[in-house]
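Colleague: I would like a close look at one part of this model, with the reasoning spelled out step by step. Please begin from the question I put below and then work outward from there.

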Amino acid sequence: SFGDGRALCYLFSTYLPDWLPAESIYQPSVPNTEDLAVLLDGDEEADIETLRSKGWCAVYEAGGCIDDQGQLKAYREGIRHNFSLLHECAGRLGRVPQMLSPDDFIDGGVEAGAVHLYLAHLANRLLELSREDRAAHLITQALRQHVWEKKCGPFVKPAAIVIQKYWRKQLACREVAGLRREAALAAERAFQAAQRARERAEAEAAREAERLAIAAAKERQRIAIAEEERRQRVAAARAAEQARLEAEAAAQRRRMEAEAAAERERLAVEQARMEAEAAAERDRLAAEQARREAEAAAEQERLAAEAAAERERRKAAEAAERMRVAAKEAAERERVARAEAEERERAAAEAAREQERVLNTAATSIQAAWRGYCVQRTDGPLPRLIRRVL
């Protein structure tokens, strides 16, 4: 049940039935006798009754004896379906690592450590979420138990004693019958296993003898082939050695001829090099003479250019000095004109202030005379005063 994911899915369905209903979990069907006969292909090594009692999972774990790709594919798809439901619910639950894969279970079987670790994480989360639900169920169950004991308590104990006595007797009979049946099956399986072991040992001995005979024949053939190859290698080595000696002699002759030709060529090259060096020396002396003449001409041109540049520089300096003097004179004239204009502006402003002061004085006198006139009103001193003021 761990191998096909049923047990883990049923744990979720028990604690969280709304998330994972039990009917959505893949449950391998129990095979019948005809299906087992087809699947086992006549192999009696597996116990059919045991496989039927344990379901398809036991069939697929029975030594790999199934040879039906269609049913094997359906079984694997069912395992992937269960694990997809498991991972979906674990993702909704949270804090449960996805450390189990259906491919691992299909290929190599259940790995106990991984299942234990996954169960520990899953139990921690399920018990944490279902603590309140379990508390409510316990309270309801205790209440119902109390009501039932209060109502039917006096009649329960005698009936329970009779039922337990009968049930224990039936369990003992079933256990004895099961032990007898298991002993008979074990004896039959042991006899069949011994017979199959003897047949396998005989077949293995025959195969071993045949294998040894084939190996001896192959060894003799290998020795003959190796001897033939050795003779061929010796002949080839001798021929190669002869060819090598002839090639070395020819190479020695060619090397000596090449050395003589190289010596002649070296002498010719040395003669040509000496002639080329003499011609180069003559060319060098001529080039040196031309270079000296060119340097003398260049020195004369440089001196003439420096004299012309000095004359131009002096002319430019004189022109610049004349322009500087003219600019200074113009600036002085402009400064004098600006000073005269400022002086005229100051004089005009002073005259305007003086006229304004006179007007203010006259206005003050007029106002005082008018006030005196307004006070006296009767005689004529006011016109005389006004004429005196004016």
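Is R302 buried, exposed or partly exposed, and what is its relative accessible area?

Modeller: This is a predicted model, and every value that follows is computed from it. R302 is partly exposed, with a relative accessible area of 37%. Its side chain meets that of E306 in a salt bridge, with an N to O distance of 2.4 Å. The two residues are four places apart in helix α8, and so about one helical turn separates them. E306 also counts as partly exposed, at 42% relative accessibility. As a general matter, side chains of opposite charge can pair when their charged atoms come close.

Helix α8 covers residues 131-376, and within it R266 and E263 are three residues apart, which means that about one helical turn lies between them. The side chains of R266 and E263 meet in a salt bridge with an N to O distance of 2.4 Å. R266 is partly exposed at 43% relative accessibility, and E263 is likewise in the partly exposed class, at 36%.

A further pair belongs to helix α5, residues 69-93, where E77 and R80 are three residues apart and therefore separated by about one helical turn. Their side chains form a salt bridge at 4.0 Å, N to O, a value to be read with care, because the cut-off for a salt bridge is itself 4 Å. E77 has a relative accessible area of 43% and is partly exposed, while R80, at 34%, is also partly exposed. Beyond such pairs, E227, E228, R230 and R231 are linked in a network of salt bridges, and the structure holds 28 salt bridges.

Helix α5 also leads to the nonpolar interior. The largest nonpolar core has 22 residues, of which F12, L20, L86, L93, Y118 and L122 touch the most other members. The elements giving two or more residues to this core are α1 (6-15), α5, α6 (102-108) and α7 (112-129), and the largest share, eight residues, comes from α5.

Y118 is a useful place from which to follow the contacts. Apart from its neighbours within four places in sequence, Y118 is in contact with L8, L86, H87, A90, V96, P97, M99 and L100. Among these partners, H87 is found in helix α5 and is buried, with a relative accessible area of 16%. Leaving aside neighbours within four places in sequence, the contacts of H87 are Q98, L100 and Y118. A polar atom of the H87 side chain lies 3.0 Å from the backbone oxygen of L100.

The cysteines deserve a separate check. In general, a disulfide is a covalent bond between the sulfur atoms of two cysteines. The count here comes to zero disulfides. For C9, the closest cysteine sulfur is that of C89, 7.4 Å away, and this is too far for a bond, because the sulfur atoms would have to be within 2.5 Å. C89 is accordingly in no disulfide, with the sulfur of C9 as its nearest cysteine sulfur. Both cysteines are nevertheless buried, C9 at 0% relative accessibility and C89 at 3%.

Definitions and conventions: Residues numbered from 1 in each chain as written. Predicted model: local features only at pLDDT ≥ 70, side-chain atom pairs only at ≥ 80, totals over all residues. Heavy atoms only, no water. Buried < 20%, exposed > 50% of the residue type's maximum accessible area, 1.4 Å probe, protein only. Core = buried A, V, L, I, M, F, W, Y, C linked by side-chain atoms within 4.5 Å. Contact = heavy atoms within 4.5 Å. Polar contact = N/O pair within 3.5 Å; in protein donor to acceptor, adjacent residues only side chain to side chain.
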